[in-house]
Structure formats: C-alpha cells, structure tokens
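Let's take a walk through this one, starting with the charged pairs and then moving on to where the chains meet.

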Amino acid sequence: MWVYEKKLQYPVKIKNPNPALAKVIISQIGGPHGELGAANRYLQQRYSMPDDRIKGMFTDIGTEELGHIEMVSAIIYQLTRCLSEAEIKRSGFDVYFVDHTTGVYPQAASGTPFSAETFAVTGDVFADINENLAAEQKARLSYDNILRLVDDPDVKDPIRFLREREVVHYQRFGDSLRIAQECFEDKSNFYLYNPAFDRPGNIRH
Amino acid sequence: MPDCKTLLNQIRALDFALLETGLYLNAYPCEEEAIAYFETTRTARDAAVAEYERHYGPLKMASGVHDNKWVWTKGPWPWECEAN
C-alpha cells in the first residue's frame, strides 16, 4: 500500500522552457538507467530477499525512486510548457511532439520506448543486489552526462540532488550485500546456492 | 508564522533527514544516536506538517476536508512551477 504526499521530494522550478533539454533528460524517466526502471526493479525484487533488513531497504529505496519519477517528470513538464510551433521545430523536439505533444511519455533520449527489461528480476539474491549496485552507478553517470549538457541553474539544481541520491543508494545496497552474505552459514562460499530458492542440501552442480 | 513555501521547504528538509536516517537504520538498527535523531526529527516533522495543513492545505488525501469542504484537489499540484 502506498499513500501519496502532495509535494516533490526536492523543488523543481524552471523559469525558461527548453524542449531540447527535455529531449535528453527524459532518458532518466524511460531510458535504460531511468527512475521508472529503478523504482519497479527494487519493488519487484524485494519478494526474493532473505532478510527483513533487506526487505525494508528495497521497499524504502523503491518508494523513494517513485518520487524521483515524479521529479524528473516535473522537469520535463516545466521544460516543455508554452512552446510555439517554431520553437518545437527549431529545437528538434518535433520528433517527440508528433506522437506525444507535450505529454510525459517514458522513453529513452534515443526515442526507444521504456522497456520492462530494466526491471531485471532474477529471483536470485546475489544477482539482484549486484544488479542494483551497478544500476545506481549507471543512473549516477547518466546524471553526470546530463550535467555536462545543461547550463541552466534551475535545471542543474534538481539534477544534482538526484545524482547525490544514486550515491547514497549505492551505499545502502552495499550494506544489503553485506547483510545477505551474513545470512549464510558457510562464510567461505556466499554463492553456493540461492537462498531465495535452494536449500543447502538440494543443490545440483 | 512562515509563508507556504518556506514551511514546505522545512518539511522537505525534515523528510530528507528522516529518509536518510531511516535507510541507515535499516542496515544499522542498533545505532542509538541515529534512533534518537530520528525520533527528534520526526517530532519536528509532525509539528511542521500539522501547521502546514492547518494554514496552507492538505499534503495527504486523509487531510482533504477543511471547514467542511473538499480541498484535496485544489492546485497547484507538485509538478507545477507555482507549487515549488
């Protein structure tokens, strides 16, 4: 169960619309390292997690990512308001506009629609946690690349906030990996079996 | 009495502190200093939210009635410039 709070996690207040920037930043909603994939990946992976602390971590980070979808969507919404037809053509936003007008559609900057493959639910505890460590780094580098392309301080400010959150989440998934390893009786081989499915006695190698 | 946006930003800051401490406590549940900080921050957060909702409108649907009127849907909504 979730309850909506009528506020952004961090304010987004962009004075100057800029559809060319929106075309790039939309990748952080529907792209391969975007917030939509992150939120649903953690929330769908949590059912395989072996320890209450990790179940809590995946639930809370997944929930925060839902708020990040909203923040990036607010950035896209504000960057594309009150556009003239001339601006739409000049900025290259026309290729998006033709199908989606100024709606916020989850796609990568390349135009590829959002793929559920980004959810990457394997049902294997160590595969999923390591996936998430990589995913947080990939989201961080996408925000770094966006910051290279943006001059407007109104846009940079919330993007920097989102980038910092990837760093913190990486740290907490690192804690989750350590906790998962501590769950094992055999500390010499953490990968002998998948605690979400196997029991030590029924492994076939 | 702080204005609407100042108070909203205070709530955001308190929520941020709670989230950060909460994620930390998920991994380190026995850290007494973090538990004390979480509880102090939560008390301040509850007070700030109560003041905000009394003067500026609901943050949750459960607080959507004010003076016997349904005010939950009254804008601006969070993604609009005017709300931030």
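## Salt bridges

Over all chains of this predicted model, a search of the whole structure turns up 17 salt bridges. One of them crosses between chains, running from Glu20(B) in helix α1 of chain B to Arg165(A) in helix α8 (residues 153-182) of chain A. The closest N and O atoms of Glu20(B) and Arg165(A) sit 3.0 Å apart. How exposed or buried are the two ends? Glu20(B) is partly exposed, at a relative accessible area of 24%, while Arg165(A) has just 1% relative accessibility and so counts as buried.

Helix α8 of chain A also has a pair of its own. Asp175(A) and Arg172(A) both belong to that helix, 3 residues apart, or about one turn. Their side chains meet in a salt bridge at 2.9 Å, N to O. Here Asp175(A) is buried, with 4% relative accessibility, and Arg172(A) is buried too, with a relative accessible area of 8%.

## A network through Asp15(B) and Arg45(B)

Now over to chain B, where Arg45(B) makes a salt bridge with Asp15(B), the closest N and O atoms being 2.6 Å apart. This pair ties together distant parts of the chain: Arg45(B) is in helix α2 (residues 32-56) of chain B and Asp15(B) is in helix α1 of chain B, 30 residues apart. Arg45(B) counts as buried because its relative accessibility is 11%, under the 20% cut-off. Asp15(B) is buried as well, at a relative accessible area of 16%.

Which residues do shared salt-bridge partners join with Asp15(B) and Arg45(B) into one network? Glu5(A) and Lys7(A) are the other members of that network.

## Where chain A meets chain B

How much area do the two chains bury between them? The figure for chain B and chain A is about 2,500 Å², with 60% of it on carbon and sulfur atoms. On the chain B side, Leu23(B), Trp79(B) and Cys81(B) supply 23% of the area buried against chain A, more than any other three residues. As for head count, 31 residues from chain B and 31 residues from chain A take part in the contact.

There's polar business here too. Between chain B and chain A the count is 3 salt bridges, and 13 residue pairs are in polar contact across the interface, both residues at pLDDT 80 or more. Helix α1 (residues 4-27) of chain B gives the most to the side of chain B that touches chain A, with 13 residues. That side of chain B divides into 18 nonpolar, 4 polar and 9 charged residues.

## Two side chains on one backbone oxygen

Val12(A) makes a handy landmark at the contact. The side chain of Gln78(A) reaches the backbone oxygen of Val12(A) at 3.0 Å, and the side chain of Asn84(B) reaches the backbone oxygen of Val12(A) at 3.2 Å.

Take Gln78(A) to begin with. It lies in helix α4 (residues 52-79) of chain A, and with 0% relative accessibility it counts as buried. Leaving out residues up to four places away in sequence, Gln78(A) touches Val12(A), Lys13(A), Ile14(A) and Pro17(A) along with Trp79(B), Glu80(B), Cys81(B) and Asn84(B).

Then there's Asn84(B), found in the segment after β2 (69-70) of chain B. Its relative accessibility is 8%, so Asn84(B) is buried. With residues up to four places away in sequence again left out, Asn84(B) touches Leu8(A), Pro11(A), Val12(A), Lys13(A) and Gln78(A), plus Lys5(B), Arg12(B) and Pro78(B).

## Cysteines

What about disulfides? A search of the whole structure finds 0 of them over all chains. Why does Cys82(A) lack a bond to the closest cysteine sulfur? That sulfur belongs to Cys81(B) and is 9.7 Å from the sulfur of Cys82(A), which is too far for a bond.

Cys82(A) counts as exposed, at 75% relative accessibility. Cys30(B) is exposed as well, with a relative accessible area of 69%.

Notes: Residues are numbered from 1 along each chain as its sequence is written. Chains are lettered from A and ligands numbered from 1 in the order in which they are written. This is a predicted model: local features need pLDDT of at least 70, side-chain atom pairs count only at pLDDT 80 or more; totals for chains, interfaces and linings use all residues. Side-chain values use heavy atoms; hydrogens and water are left out. Helices (H or I, at least four residues) and strands (E, at least two) are DSSP runs, numbered from the N terminus. Buried means under 20% relative accessible area, exposed over 50%, partly exposed in between (1.4 Å probe, protein chains only). A polar contact is a pair of N or O atoms within 3.5 Å; within protein, one must be able to donate a hydrogen and the other to accept it, and residues adjacent in sequence count only if both atoms are side-chain atoms. Contact means heavy atoms within 4.5 Å. Buried area is the accessible area (1.4 Å probe) that two parts lose on being put together, summed over both. A salt bridge is a side-chain nitrogen of Lys or Arg within 4 Å of a carboxyl oxygen of Asp or Glu. Ala, Val, Leu, Ile, Met, Phe, Trp, Tyr, Cys and Pro count as nonpolar, Asp, Glu, Lys and Arg as charged, and the others, Gly among them, as polar. A disulfide is a pair of cysteine sulfur atoms within 2.5 Å.
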